[in-house]
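I opened my notebook with a few simple things to look up. Here is what I went after, entry by entry.

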Amino acid sequence: MSETTPAITQATLVKKAAPKSDYKPADVSPQRRVQRSFAVRLWSVRHSRLLEWFYARFSDMFLLLHPLWKGIGYGRVEGPIKFVEKRVKGFMFDCRMCGQCILSSTGMSCPMNCPKQLRNGPCGGVRANGNCEVEPDMPCVWVKAWEGSRNMVHGDKILDVQKPVDQSLRETSAWLRVTAQAAAAREAARNAPNTGAPA
Amino acid sequence: MIARQPDENPAGIHLPLDPLPGHTSRGRLERVLRRGEFAVTTELNPPDSADPEDVYNRAKIFDGWVDAINAVDASGANCHMSSVGICALLTRMGYAPIMQIACRDRNRIAIQGDVLGGAAMGVANMLCLTGDGVQAGDQPGAKPVFDLDCMSLLETCRIMRDNGKFLSGRKLTTPPLLFLGAAINPFAPPIDFRPYRLGKKIAAGAQFVQSQYCFDVPMFRTYMQQVRDLGFTEKCFILCGVGPLASAKTAKWIRTNVPGIHIPDSIVKRLEGAQDQKKEGKQLCIDIINEVKEIPGVSGVHVMAYRQEEYVAEIVDESGVLKGRQPWKREIRRDDQLVAERLDHILHDEITETQVDMVKTAH
Ligand code: SF4
């Protein structure tokens, strides 16, 4: 009895309908579907050098404000800063808020936009025209990253091996984290000679 | 004394080899490469079945022609028997599998577990891959994982081997002894980044690499030139991927439908002009092998003959890359054979003793 009933799964239904309808949701990832244009993202890559210069100034300013952040409490400023960061970087780079920004090592092309979320360079499937294997109408994030990095002063940072993404840092502010870490490093450097002197 | 094949553990073919200085694994492939011999590897077409015989039959046709067999991890995002399963079967029979690990289907927790499990079964070689996107396979609705990428996967395996630790820093009681591999594609953009990317993979832990199908030898030669100039050939064994094309039609299909495989027009033309396209495809593959083996820095070839596995032996034989050397081959050992011959009668003798008979004879 059970042998005679054909198994109809969701997948077979979709497959059957696929040739009849023009819209094939499987051809584009959900990420891509909500995205309309790559213009701004590509502008950022073209101006990677300018952005690198700007970001250096910007992070210095953030570090100068460290006492302020500390005064208010990093935990409390996190919300508003994240709100701004998400919107600004989202507009400029289609940022996905991984929370551990490596834009300056990837030619200002956000690697989290790669459908495979590769953080260490292009996969082997890049199309001959430089577009992505998974999403044929998107320029490969890593082809752009390489172009962008060639314009930057510290572009060779693209050759560093990146650690895997720490998923627990998603949706947190990378700006504040970098600032806090830089401040901690500065503090440690200042304390080191003091502790070293009496010995 | 019974003559044994080189690179075989006298205590049993399924056991790891003696450790050698300068070797990170106890497998055959590393020994062959470090001895400076031209290595040949190939790929096993994974069965869609639960029958171990399917794996053994598919491995058998490579016997005596290849140094290691890649156990693919759902290549092209199509479901097949898992690479861990294939490796478990192959290591039992003494083969040297290269366990492919793709980042597409498993996260770092599962992968590190599989690395330990594989090494415990005697897998000496692991190949770290990113993996094709799920859209390429038979289940495009699957969730793509890509928790690690090939680079961080390589680094994870290296940390496990060299530092004896998980990625988290937790200690391993016995670290896995591995020969780590990666894949390269010199034929896809961004072309000028590709040599540096190999450097990155070496920094992350790659000791050997297998390339994507090479149909454009001049392009590969330029790549190898750059790689040599950067000094990477001393740090890593490079195996060039080759394979026969069944016909001009397949070549065209692959060119348009499989991203990352670059087939120049001249190849398609050559196939089109041939009487017997299948034979020409094989000849083409042999010609390519003969060209790439002369390129300095190329340590071997990786023959991928999907659905034409029976050609692998011919291709290897006719190209003469082994220079008379015979890779390890699964055969009955002489001592086993001796025992089998002497005790063969047991199989044929009629020995149906009843318990009553036993008691009688005992008295
Ligand atoms: S082609 Fe580029 S963007 Fe697409 S998956 Fe590969 S590396 Fe990522």
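My entries below go from the chain contact to the ligand and then to two single residues.

**Ground rules.** I am working with a predicted model, where local features need pLDDT of at least 70, side-chain atom pairs count only at pLDDT 80 or more, and totals for chains, interfaces and linings use all residues. Residues are numbered from 1 along each chain as its sequence is written, chains are lettered from A and ligands numbered from 1 in the order in which they are written, and side-chain values use heavy atoms, with hydrogens and water left out.

**Entry 1: the A–B contact.** How many residues does each chain bring to the contact? I found 29 residues from chain B and 29 residues from chain A, with contact meaning heavy atoms within 4.5 Å. The buried area between the two chains is about 2,400 Å², and carbon and sulfur atoms give 59% of that. Buried area here is the accessible area (1.4 Å probe) that two parts lose on being put together, summed over both. On the chain B side, Phe193(B), Lys200(B) and Pro259(B) lose the most area to chain A, together 23% of what that side buries.

**Entry 2: polar links across it.** I looked for salt bridges (a side-chain nitrogen of Lys or Arg within 4 Å of a carboxyl oxygen of Asp or Glu), and the rule finds 1 across this interface. Lys163(A) and Glu155(B) make a salt bridge through their side chains, at 3.2 Å from N to O. Helix H5 (150-163) and helix H6 (194-204) of chain B are the elements that give two or more residues to the side touching chain A; H6(B) gives the most, with 6 residues. Helices are DSSP runs (H or I, at least four residues), numbered from the N terminus.

**Entry 3: around the ligand.** Which residues are around the ligand? Among them I noted Cys114(A), Cys123(A), Cys132(A), Cys140(A) and Trp142(A), where near means a heavy atom within 4 Å.

**Entry 4: Lys282(B).** Is Lys282(B) buried or exposed? Lys282(B) sits in helix H10 (residues 277-292) of chain B and counts as buried because its relative accessible area is 10%. The cut-offs are under 20% for buried, over 50% for exposed and partly exposed in between (1.4 Å probe, protein chains only). Beyond its neighbours within four places in sequence, Lys282(B) is in contact with Pro244(B), Tyr311(B), Glu314(B), Ile315(B) and Glu318(B).

**Entry 5: Arg46(A).** Arg46(A) is in helix H3 (residues 39-46) of chain A and counts as exposed because its relative accessibility is 56%.
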